[in-house]
Amino acid sequence: MTSAEKRLGAAANFVDERLGAASWVKKSLNKVFPDHWSFMFGEICMYSFIILLLSGTFLTLWFDPSQREVVYEGVYEPLKGITMSAAYASTLDISFEIRGGLLMRQIHHWSANIFMAAIVAHLLRVFFTGAFRKPREFNWILGIILLTLGLVEGLLGYSLPDDLLSGTGLRITAAIVQAIPLVGTYLTFFLFGGAFPGVGFLPRIFTIHILLLPGIFLAVITIHVMLVWYQKHTQFPGPGRTEKNVVGHPILPVYMAKAGGFFFIVFGVTAFLSAVASINPIWLYGPYTPGQISAGSQPDWYMGWLDGLVRMAPPWETHALGHTISWNILIPALIVPGIIFTGMAFYPFIEAWITGDKREHHLLDRPRNVPNRTALGVMSITFVIISLINGGNDILATHFDLSINQIMWFSRISIFILPPIAFVVTKRLCLSLQRADRDLVLHGVETGQLVRMPSGEFVEIHQPISDEKRWILTSHEQPAALELPASDARGVRRPGAIKNKLRVRLSKANAVAIPKVSPGELKEIEHH
Amino acid sequence: MKRLSRYRRHKAAAPLLLIIALLGIGTTFNIVSAAVKQTPSALERSVLIEEGKAIFLRGCSSCHGLNLEGGAIAPSLIGVGAASVDFQVGTGRMPMADMSTQAARKEPVYSEEEVAALAAYVASLAPGPAIPTDEDLNYERDGNLAEGGVLFRNNCAMCHNFAGQGGALTQGKYAPTLMGVEPKHIYEALITGPQSMPVFSDKTLTPEEKLSVIKWIKAAEAEPNLGGATMGRVGPVTEGLLVWVLGLGLLIAVAVWLTARAR
Amino acid sequence: MSNEIEAFKDPGTPVHAPRRADVDPRAEKRAEQQVALLFGLSALGSLLLIYSYIWIPDNLFIFIPVMGDQNAHQLFLGLGMAMSLFFLGMAAILWAKKLMPDTEVVNYRHEFRSSDQDREEFVKTVKDGVAGLQFGRRKLIKGSLGASLGLFVLPPVLLLRDLGPLPGKELEKTNWKAGTRLVTDPGDRPILPSDLEVGSVVQVLPEVAHDSHRPLSDIAKDPVLLIRLRPEDFALTPERLAMTHDGIIAFSKICSHMGCAVALYEQQTKHLLCPCHQSTFDVTRAAKVIFGPSARPLPQLDITVDKEGYLIARAAFSEAVGPSFWERNSQ
């Protein structure tokens, strides 16, 4: 035993005698993680969050979250002598007078954008592969909470520098809160400390942005990751992989090295973006004052779809009994997103209700094998993309010689038409892919080699696929439709007949599939 | 000579020659027009007006009418002033090549001399805003940069974007980019209100304030990239695009490599 | 649940194929060198960062093709940092991929459900605990506990009351009163009708005492756009026409949709466009909404001239400016 080992052993002994750590750390170190590139999205989120904490802490060292008015006397000539908030002035100072400050600001902002993009990509991966199914419904809901928190945290961060763009964003936020019936006006006054833009808002959202929400984030992320740890990661189907096991690399050393290395990669890519590409050049926007506005005022991309929905909303307002209800704000900014996020949170339970499946699932679905879910996902993506396009309609109009009115009408109509079309097309596409899988199993791969038969006709040689490949293409389950008779054995109508009818119908639609190949079938075709 | 002739068939030869030729013509006209400006005697002035009339009848009257009265497709030019003509023709907006939603800035059809003649002719028929002189346009001396920024954000940014990159108006119309526009033309646009643009009267936006705005625009144009490539200075839309394409793209590429089995 | 047909046999976890570095000592050496090279590049990046921080002045600009003129300090600081981090990560991953043992391991899963015995014991523990509370018998405690818990949640909410003043009629008020002069923003100059040419537009604010301060919450409500048209261009009701002066019409600049500054005035079409959500207002028809999500016209300010001939407000706004709210009591 070397002396280094001895000292390490002594330290380990010290800890273990007090915490009994060896037994549970050993268990954790034996954990296995399956490899797939799409499993890395969650890690990008977690690492971006760490980058956000680090760069954000750097920024707080100089940022002054105050609406106190100061006269700018810094180095940026075009703003010299202008009255502005201390928040804006200190952001300018961070950008121009603290070495590396602008880099850190850009890292913070790019990282926030990457964070949100990775959350969305992670959510889509989990959705399309069915990783949210039992026993992971809790973690799915935690994920939706993180997404929602991310939207809010991003919006607050965007608002803090108090430039013209962020102030415009806040103006719109205030209008949304103000539109809530009954309590909206009071809420705005309490939030802003008076009529917009108030006197107390920036210090308040600063505390929320750097303390409250990051704290909640940290707690939720910890639970989220611990649940992944405890429940063990899902895996794609493949030879040797079952619902009862998990195949992959152990934590020590491979996974540790790869995951640790990937943190530096994420940080490095963020730093690279921040070095070469400008983001949120607040010095060009100017300080916020409510009388000013810039053409093409946009939120960051993850809010862009909401802005797009608000833009395309019909001009509806109800005036009655001395009160006003702004449907043109409530529907696109609160009601529709509320429905979408609630629907997302409950989706695992809705799907389980339709399929009647109460078993645990650790093997992922190939998206094509679950046509309805995949189609629903693509339908939702289509919806968001149309909204996003409309959110940037002014930029699209100038860059592609279009008219904002055309794009607006296109969005207003297609938001209703295109998502259902996307659903139908995707579902059919999934079924064709299933059919292609079936053909592949039955007839093998086309080799491109032609053989002339004695009869004179040419036939292409087909190479049978490997056992592994065949296993991947055939090991999935194919759902059967639920059967819920409307009346029981004695002819008495069951309660909830309408609900059951709906459930049976949905389940029937869900069970549409191209039958997969059975060994018997394959044997039969091989005999010919 | 022999070496030069070898390059004659080079594929860049034609465009290069064209540029040289254009530069040559441009310089010549600059010298000529400078000469014109120096001697505005009454006789020469009337010659200029006659010349302008000839150009007008040839190139403009089919739409704007023989007596500037306008027509079904073009507005009356009575009282628009020399500034308006100088702006519209000098930036190549007029003559309008196609009847699209709005006249776009392009390579001017007429030479500076011809523009001056046209402007003189139109101004001679009815009074209107005059072309600002170089003395009027000394924005470096008379403008205030920071104040120009405030005025710009109050009066211009809503259409032309926070950095003067242009923006969308209704029904396919747009506020053009202000980058690369001559100070004279910016000033003329402010006092004449071409196309969709409103007029900024001298009383509500004083000449000094106009110069401040121009000074700010010129500073924005010359401002180097302080934080990296700007992607058009149009705000978060292009930033979001970059995040998905480059940011997530690079990370996915690394993730694919990371999880692939080494050989 | 599923109509399982007879299935193929699982071929089982594939046998581990050795990598080149596992069998060929030269390849192993090469891989080691590659990893070392990447670590070296990372160190180089750190050095670049240190060099840039100390020695590259922050006002040095260099031309980079495609990107244009860049600030060298910012660029190399960032590139140094990116290199330092990125190659460190690449080195670690390459090391893991090529040299660390890459045999896959199988872990087994266990059902999460607790055993029946555990469940029964759990239920019993809870039941015993709850029974100890004696809720069934202690009606008085049950009632008073409910009351105290109910009241207990109120104080924290109440303590937030001083976050802001009550709205009152604040949203309905602006600083426009009968006789208030319209002054330019910025500049604070009063305006004669003759200052405005046809087709011109100017942003104005209510005049305040000299050198007095305008809080932002006032600027959020007060801005007004003054537009001059040819009087024959108006298509107004007589009462709205009476609110104009000599072809000059005044509208609140604060959008009736979400409060952005509506300022894109198209002189030819006489439309006002809000850049935030593209509500379009027709100036000739008293800012009637002709496109977009806004449901109400922009409030019109009644203007006239004072004795000295300067433009003044004849009356305050007759309705609240800006976005709608629950208590808003007019069409």
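The following exchange goes through the contact between chain C and chain A in a predicted model.

Colleague: What scores does the model carry, and what is the average pLDDT of chain C?

Modeller: The model has ipTM 0.91 and pTM 0.91. Chain C averages a pLDDT of 90, and 98% of its residues score at least 70.

Colleague: How many residues of chain C are in contact with chain A?

Modeller: On the chain C side there are 90 residues, and they are in contact with 119 residues of chain A. Each counts because it has heavy atoms within 4.5 Å of the other chain.

Colleague: What area is buried between the two chains?

Modeller: About 8900 Å², with carbon and sulfur atoms giving 65% of that. Of the area that chain C buries against chain A, 12% comes from C:Phe8, C:Arg109 and C:Trp326, more than from any other three residues.

Colleague: Why is the pair C:Arg296 and A:Glu317 called a salt bridge?

Modeller: The N to O distance between their side chains is 3.2 Å. The cut-off is 4 Å, between a side-chain nitrogen of Lys or Arg and a carboxyl oxygen of Asp or Glu, so this pair qualifies. The count of salt bridges between chain C and chain A is 1.

Colleague: How many residue pairs are in polar contact between these chains?

Modeller: There are 29 such pairs, with both residues at pLDDT 80 or more. On the side of chain C that touches chain A, the elements giving two or more residues are α2 (25-55), α3 (72-98), β3 (105-108) and α7 (216-219) of chain C. The most comes from α3(C), with 17 residues. By type, the residues of that side are 49 nonpolar, 25 polar and 16 charged.

Colleague: How do you know that β3(C) pairs with a strand of chain A?

Modeller: Strand β4 (residues 245-250) of chain A and β3(C) share 4 bridges in the antiparallel sense. Pairing needs at least two bridges, so these strands pair. One of the bridges has C:Val105 as the partner of A:Gly248.

Colleague: What makes β1(A) and β4(A) a pair?

Modeller: They are joined by 2 bridges and run antiparallel. At least two bridges are required, so β1(A) and β4(A) also pair. Here A:Val32 has A:Pro250 as its bridge partner in β4(A).

Colleague: In what order do the strands of the open sheet lie, and which are the edge strands?

Modeller: The order of the 3 strands is β1(A)-β4(A)-β3(C), with antiparallel pairing. The edge strands are β1 (32-33) of chain A and β3 of chain C, since each pairs on one side only.

Terms used
Residues are numbered from 1 along each chain as its sequence is written. Chains are lettered from A and ligands numbered from 1 in the order in which they are written. Side-chain values use heavy atoms; hydrogens and water are left out. Buried area is the accessible area (1.4 Å probe) that two parts lose on being put together, summed over both. A polar contact is a pair of N or O atoms within 3.5 Å; within protein, one must be able to donate a hydrogen and the other to accept it, and residues adjacent in sequence count only if both atoms are side-chain atoms. Ala, Val, Leu, Ile, Met, Phe, Trp, Tyr, Cys and Pro count as nonpolar, Asp, Glu, Lys and Arg as charged, and the others, Gly among them, as polar. pLDDT is the predictor's confidence in each residue, from 0 to 100.
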